[in-house]
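Subject: Structure for you to look at

Hello,

Here is the structure I promised to pass on. Please open it first, then read my notes beside it.

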Amino acid sequence: MLDEPDVMPDDAPRGSGTLRNKRIVIIGAGIGGLTAALAFARRGANVHIYEQASALNEVGAGIQVTPNGSRVLAELGLSDAMDAASIVAQAVMPTDAISGKVIARFDLSSQVPPYRFFHRAALVEMIAQGAQAAGVEISFDVRVESIAKDGTLNTNIGEVSCDLCVGADGIHSISRLLLGNTAEPEFTGQVAWRATIVAKDVEPVARIWMAPNRHVVTYPLAENLLNIVAVQERDTWAQEGWKHSDDPDNLRAAFADTCPQLRDILGQVSETYLWGLFRHPVAKQWHNDSLVILGDAAHPTLPFLAQGANLAIEDAYFLARCCDEADDLATALARFQHERALRVSRAIAAANANARNYHLSGLTRSLAHTGLKTLGFVAPDAFLKRLDWLYGFDATK
């Protein structure tokens, strides 16, 4: 384990000091795990991450960090790093994928902190550098096989002891299972493709191309890339997890009847990944005396609200805060689950609603598009005001 730092950073959050010199082990070096490591380290804990992969090797793709996520990362000292690694979003533009006509434009430029577009690998690297600068150690090629009641981890490199183990190991979490959460996921009848193409001088907006039973989301990334996520409703099952390659022609065939502009974008895709979308129940049990789960391990969400990573970032900060402010871990972990379960359940319900709204057809589709167009013309601020509960949330307060 790391030696105790002599001096806390001047800008570090301060609680009761409960975490001072505590040994925190985190399973998983994804966005949630890395953020948790940074948050715990800045409160004086000795933190070690164990990752089963051989490196931080995120598949190239985009991710949206909304103000609620940016607010946490800024509090953790990453404001300048975010400015350097991201593109600040200016608007979201619902678009008719069949005609190509923009239905409405909702301004994002007034969001504080900014709504950002990141390359996923750049975001992971940014948080990892912040964590390591705070004293966090990361070990790769480590597989956790079991976790004892006292917090001892049995791994392929031997036993590891800690005061608290944080399971940030994603939708296939061993930590989730060890806490007794065994409910099976349900296939939603939807599959998604993810890809990037080279595209210069793209306006910094998130465009939602909506068509009956499917949609595409596009937005720019640094280094002249355009991120593409396409979703189609279908009966054919696809494997969960988004690192399964697919033929780009399958993606193009699914959107063959859409407008020329969208077909041109998809025509440039040379490599794509396909995965099935599954609905997982929020875990019933998030912790025991020495183990706690966060992010996708606790509450996987569908990608229709851009909140999976943002909720994990919130979780990470709030967990460290709870542990530092409470007199004992049992109280801290109970508070963490109670307060976070309420919020993530609301976000998951909103994401599920978007899954339906993006894929409308017939008269319902026409009425919905007319409503969006009217809203964008008459009361454009109302769109974002409806999301104040989401974007305005501050996990640091």
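Valine 216 has alanine 230 in E16 as its bridge partner. Keep in mind that this is a predicted model. The valine's strand, E15, covers residues 214-221, and 8 bridges join E15 to E16. The two strands run antiparallel. They form a hairpin, with 3 residues between them. Look at glutamate 223 in that turn: its phi is positive, about 65°.

Now stay with E16, residues 225-233. Is this strand enclosed or open? Of its 9 residues, 8 are buried, so the rest of the structure largely encloses E16. E13, residues 186-198, also pairs with E16. Here 9 bridges hold the pair, again antiparallel. One spot to find is arginine 194, which stands opposite valine 229 in E16.

The wider sheet

Which sheet do these strands belong to? They sit in an open sheet of 8 strands, in the order E6-E5-E14-E15-E16-E13-E18-E17. The pairing is mixed. E6 and E17 are the edge strands, each with a single partner, so one side of each has no neighbour in the sheet. As general background, strands of a sheet pair through backbone hydrogen bonds, either parallel or antiparallel.

E5 shows both kinds of pairing. With E14, residues 205-211, E5 runs parallel, over 6 bridges. With E6, residues 106-107, E5 runs antiparallel, over 2 bridges. Three opposite pairs are worth finding on screen:

- Threonine 95 faces tryptophan 209 in E14.
- Valine 92 is opposite phenylalanine 106 in E6.
- Alanine 91 is opposite aspartate 107 in E6.

How many residues of E5 are buried? The strand spans residues 91-96, and 6 of its 6 residues are buried. In a regular strand, side chains alternate between the two faces of the sheet. In E5 both faces are covered. Ala91, Met93 and Thr95 are buried on one side, and Val92, Pro94 and Asp96 are buried on the other.

Two helices lie across this sheet. H7, residues 260-267, crosses E13, E14, E15 and E16, at about 110° to E14. H10, residues 362-378, lies across E5, E6 and E14, and runs at about 155° to E14.

A second sheet

There is also an open sheet of 3 strands, ordered E9-E10-E11, with antiparallel pairing. E9 (144-147) and E11 (158-160) are at the edges; each has a single partner strand, so one side of each lacks a neighbour in the sheet. Neighbouring strands here are turned by 25° against each other on average, ignoring direction. E10, residues 153-155, pairs with E11 over 3 bridges. Asparagine 154 stands opposite glutamate 159 in E11.

Helix H1 and two loops

H1 is mostly covered: 11 of its 11 residues are buried. Among them are Ile31, Leu34, Leu38 and Phe40.

Arginine 43 lies in the loop between H1 (31-41) and E2 (46-50). Why does arginine 43 count as buried? Its relative accessible area is 7%, and the cut-off for buried is under 20%. The side chain of arginine 43 also makes a polar contact of 3.5 Å with the side chain of tyrosine 317.

Histidine 244 is in another loop, between E16 and E17 (245-246). This histidine counts as partly exposed, at 25% relative accessibility. Its C-alpha atom is 6.6 Å from that of tryptophan 275, although the two are 31 residues apart along the chain.

The whole chain

Zoom out to finish. The chain has 12 helices and 19 strands. Its radius of gyration is 21 Å, close to the 21 Å that the globule rule gives for 397 residues, so the chain is as compact as a globular protein of that length. The C-alpha trace spans about 60 × 40 × 35 Å along its principal axes.

Of the 397 residues, 55% count as buried. Take the contacts with a separation of 6 or more: 76% of them come from residues 24 or more positions apart. The chain exposes about 16800 Å², with 49% of that supplied by carbon and sulfur atoms.

Best wishes

Technical notes. Residues numbered from 1 in each chain as written. Predicted model: local features only at pLDDT ≥ 70, side-chain atom pairs only at ≥ 80, totals over all residues. Heavy atoms only, no water. Buried < 20%, exposed > 50% of the residue type's maximum accessible area, 1.4 Å probe, protein only. Helix = DSSP H or I, 4+ residues; strand = E, 2+ residues; numbered from the N terminus. Pairing = 2+ DSSP bridges. Polar contact = N/O pair within 3.5 Å; in protein donor to acceptor, adjacent residues only side chain to side chain. Rg over C-alpha atoms; globule rule 2.2 N^0.38 Å. Contact = heavy atoms within 4.5 Å. Areas by Shrake-Rupley, 256 points an atom, 1.4 Å probe, with all protein chains shown as cover. Axes fitted to C-alpha atoms, helices over the stretch in contact; angles between N-to-C directions.
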